[in-house]
Amino acid sequence: MRRCIGCMTSKEKHELIRIACYEGRITLDESGRAKGRGAYLCRHSKSCWEKAYKKKALERSLGTTIDEEQKRELFAQLEQQDER
Ligand SMILES: [Zn+2]
């Protein structure tokens, strides 16, 4: 069980998606095994993604700052995986 940093609910791993931060780069970690620090978000809950970003939970969990460009990129990736 992992906890979503948006809604703070513990869920099974397959219901969550891992965001990895490695060398200052934020990526959607679809394999769940990417290098670096990781944070989890509900895979299909846009409100969680937004909450995590607005509360800076994503930044806190990953120990980094996230600029607008990285945020847009991450959200685009989240939306893509959400459609599958
Ligand atoms: Zn959530």
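What is the mean pLDDT of the chain, and what share of its residues reach 70 or more? The model I am presenting is a predicted one, and its mean pLDDT is 95, with 100% of the residues at 70 or more. Broken down by element, the lowest mean value belongs to β4, at 93, and the highest to β2, at 98.

I shall begin with the metal site. Four cysteines supply the protein donors of the zinc ion, namely Cys4, Cys7, Cys42 and Cys48, each through its SG atom, and these lie 2.3 Å from the ion. What geometry does the site of the zinc ion have? The angles among the four donor atoms run from 106 to 114°, and the site is tetrahedral. For reference, the ideal angle for four tetrahedral donors is 109.5 degrees.

Along the chain, the donors of the zinc ion follow the spacing C-x2-C-x34-C-x5-C. Distant parts of the chain are linked by the pair Cys7 and Cys42, which are 35 residues apart. Cys7 sits in the loop between β1, residues 2-3, and β2, residues 10-11, whereas Cys42 belongs to strand β5, residues 37-42. Are these two cysteines buried or exposed? Cys7 is partly exposed, with a relative accessible area of 29%. Cys42, by contrast, counts as buried because its relative accessibility is 4%, under the 20% cut-off.

Let me turn to the strands. β3 comprises residues 16-22 and β4 residues 25-29. These two strands, β3 and β4, pair in the antiparallel sense over five bridges, and within this pairing Arg18 has Asp29 of β4 as its bridge partner. β3 also pairs with β5, again in the antiparallel sense, here over six bridges. In that second pairing, Ala20 stands opposite Gly38 of β5. How many of the seven residues of β3 are buried? Six of the seven are, so β3 is largely enclosed by the rest of the structure.

The hairpin of β3 and β4 has two residues between the strands. Within the hairpin, Glu23 merits attention: its phi is positive, about 50°, although the residue is not a glycine. Glu23 counts as exposed, at 71% relative accessibility. Further along, Arg33 is placed in the loop between β4 and β5, and Arg33 likewise counts as exposed, at 70% relative accessibility. Arg33 and Ser10 are 23 residues apart in sequence, and their C-alpha atoms are 19 Å apart in space.

I now move to the helices. Helix α1 spans residues 46-54, and its buried residues are Cys48, Trp49, Ala52 and Tyr53. Viewed down the helix axis, the buried residues of α1 fall within an arc of 130°, so they line one face of the helix. A general point applies here: an α-helix has 3.6 residues a turn, so residues three or four places apart point the same way. Against which elements do the buried residues of α1 pack? Their partners are β5, α2, residues 57-62, and α3, residues 68-83. Cys48 thus appears twice in this account, as a buried residue of α1 and as a donor of the zinc ion.

Phe75 lies in helix α3 and counts as buried, with 12% relative accessibility. Which residues does Phe75 touch, if those up to four places away in sequence are not counted? Phe75 touches Trp49, Glu50 and Tyr53, and among these contacts Trp49 and Tyr53 are buried residues of α1. With respect to Gly36, which is 39 residues away along the chain, Phe75 has a C-alpha separation of 19 Å.

The last residue I wish to raise is Lys56. Where does Lys56 lie? Its place is the loop between α1 and α2, just after α1. Lys56 has a positive phi of about 60° although it is not a glycine. With a relative accessible area of 48%, Lys56 is partly exposed, because the cut-off for exposed is over 50%.

To close, I return to the zinc ion. Its tetrahedral site draws on Cys4, Cys7, Cys42 and Cys48, with Cys7 in the loop between β1 and β2 and Cys42 in strand β5.

How values were computed:
Residues numbered from 1 in each chain as written. Predicted model: local features only at pLDDT ≥ 70, side-chain atom pairs only at ≥ 80, totals over all residues. Heavy atoms only, no water. Donors = N, O, S within 2.8 Å, 3.2 Å for Na, K, Ca; no water. Tetrahedral: all angles 85-135°; square planar, octahedral: opposite > 155°, others 65-115°. Helix = DSSP H or I, 4+ residues; strand = E, 2+ residues; numbered from the N terminus. Buried < 20%, exposed > 50% of the residue type's maximum accessible area, 1.4 Å probe, protein only. Arc of directions from axis to C-beta. Contact = heavy atoms within 4.5 Å. pLDDT = per-residue confidence, 0-100. Pairing = 2+ DSSP bridges.
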